[in-house]
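The following exercises concern side-chain burial, ring geometry, helix facing and cysteine pairing. Work each one from the coordinates before reading its solution.

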Amino acid sequence: MPSHELVLSEEVWEALPTRRPVVALESTIIAHGLPRPRNLAVAEELEELVRAGGAVPATVAVLDGRAHIGLEKSQLERIAGDNGVRKLGHRDLAPALATGASGATTVSATAFLAARAGIRVFATGGLGGVHREWCETQDESADLRLLAQTRITVVCAGVKSILDVPATLQRLETLGVGILGYDTDHFPGFYLASSGQPVDWTVRTPEEVAAVMAARNSLGGPESALIVANPVPESEQLDPALHDRVLGEALDECRERGISGQAVTPFLLDCLMRQTEGASLEANLAAVRGNVRLAARIAAAL
Ligand code: PSU
Ligand code: MN
């Protein structure tokens, strides 16, 4: 039997036993969520933001059938530029390892692998969730169920606004996934500072997040994720009227072209980017940067 151990980058390998702060980063946003060649520059920038915040970055991906926690420069370049890089959710990990495939990890696969490695904080853009056409397609991201079973803190700007946000929040409640609004009493709207939905709990400092994590650990109980919902600053959000108009168009196009399964999310993100002439991309990046900075501060506060 071949063994499928996690491959840690040198800096992650040094940081974890000494309890230095580490922040996991997902790679699907790099490989399938952002246009080239900007995606590579962003991947490098996000790692720098983690370092500037006093933590070690651990970008997660699968390369040639090996699960990596932390990538070297050339490995990051492969994820950003290689056409053979697949999109791997949690359920795809075993076939990818067994067949020697390479792929970028979604929130579900990243959270799983990062928690396995002993990493407690993970930053991303927006989570997957319940799609608006759920009644016809039953499309609900595997992110939700995996987060219900994995103890990790995920810093995000809410769930992607291409989704049915109230339905996603309801599912997260049912699944027992905790949500803290960071300096807001509204759930963020990914490209928008607010989705219009309220959150039950608000924290205002990284230390408060760390205290909630400590309380969860002392309670024990089911392993589940804690979502820190951190809005994009209003000054950097997408114009809400533009957002609502182009989202309707993107959803129509997705339906007309019969896009389904794993392709739906990258298709909608790309559609929005084209139809807003790049404005959605800037809002997306502003949200991710803010999340990565906050994740580093939370990791440092633990
Ligand atoms: N957020 C972004 N860009 C992305 C994603 C999230 O800003 O590309 C990715 C994440 O990796 C998330 C995935 O886990 O989309 C969800 O895909 P699906 O809906 O197929 O589960
Ligand atoms: Mn899906």
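**Exercise 1.** Determine whether Phe190 is buried or exposed, and characterise the aromatic pair in which Phe190 takes part.

*Solution.* Begin with accessibility: buried means under 20% relative accessible area, exposed over 50%, and partly exposed in between, with a 1.4 Å probe and protein chains only. Phe190 has 3% relative accessibility and is therefore buried. Tyr191, at 1%, is buried as well. Next, apply the ring criterion: rings of Phe, Tyr and Trp (its six-membered ring) pair if their centres lie within 6.5 Å, and planes under 30 degrees apart count as stacked, over 60 as edge-to-face and the rest as tilted. Searching the whole structure yields one aromatic pair. Phe190 and Tyr191 form this pair, with 4.6 Å centre to centre and 55° between the planes, which makes it tilted.

The model is predicted: local features need pLDDT of at least 70 and side-chain atom pairs pLDDT 80 or more, whereas totals for chains, interfaces and linings use all residues. Residues are numbered from 1 along each chain as its sequence is written, chains are lettered from A and ligands numbered from 1 in the order written, and side-chain values use heavy atoms, without hydrogens and water.

**Exercise 2.** Which residues of helix α4 are buried, and why do they line one face of the helix?

*Solution.* Helices (H or I, at least four residues) and strands (E, at least two) are DSSP runs, numbered from the N terminus. In α4, residues 73-81, the buried residues are Gln75, Leu76, Ile79 and Ala80. Viewed down the axis, they fall within an arc of 135° and so line one face; the arc is that of the directions from the helix axis to the C-beta atoms. An α-helix has 3.6 residues a turn, so residues three or four places apart point the same way. The covering elements include α2, α3 and β4, where contact means heavy atoms within 4.5 Å. His68, in strand β4, touches Gln75 among other residues, and His68 is buried at 9%.

**Exercise 3.** How many disulfides are there, and why is Cys271 not bonded to Cys254?

*Solution.* A disulfide is a covalent bond between the sulfur atoms of two cysteines. The criterion is a pair of cysteine sulfur atoms within 2.5 Å. The count is zero. The sulfur of Cys271 is 7.6 Å from the closest cysteine sulfur, that of Cys254, which is too far for a bond. Cys254 is buried at 8% relative accessibility, and Cys271 is buried at 0%.
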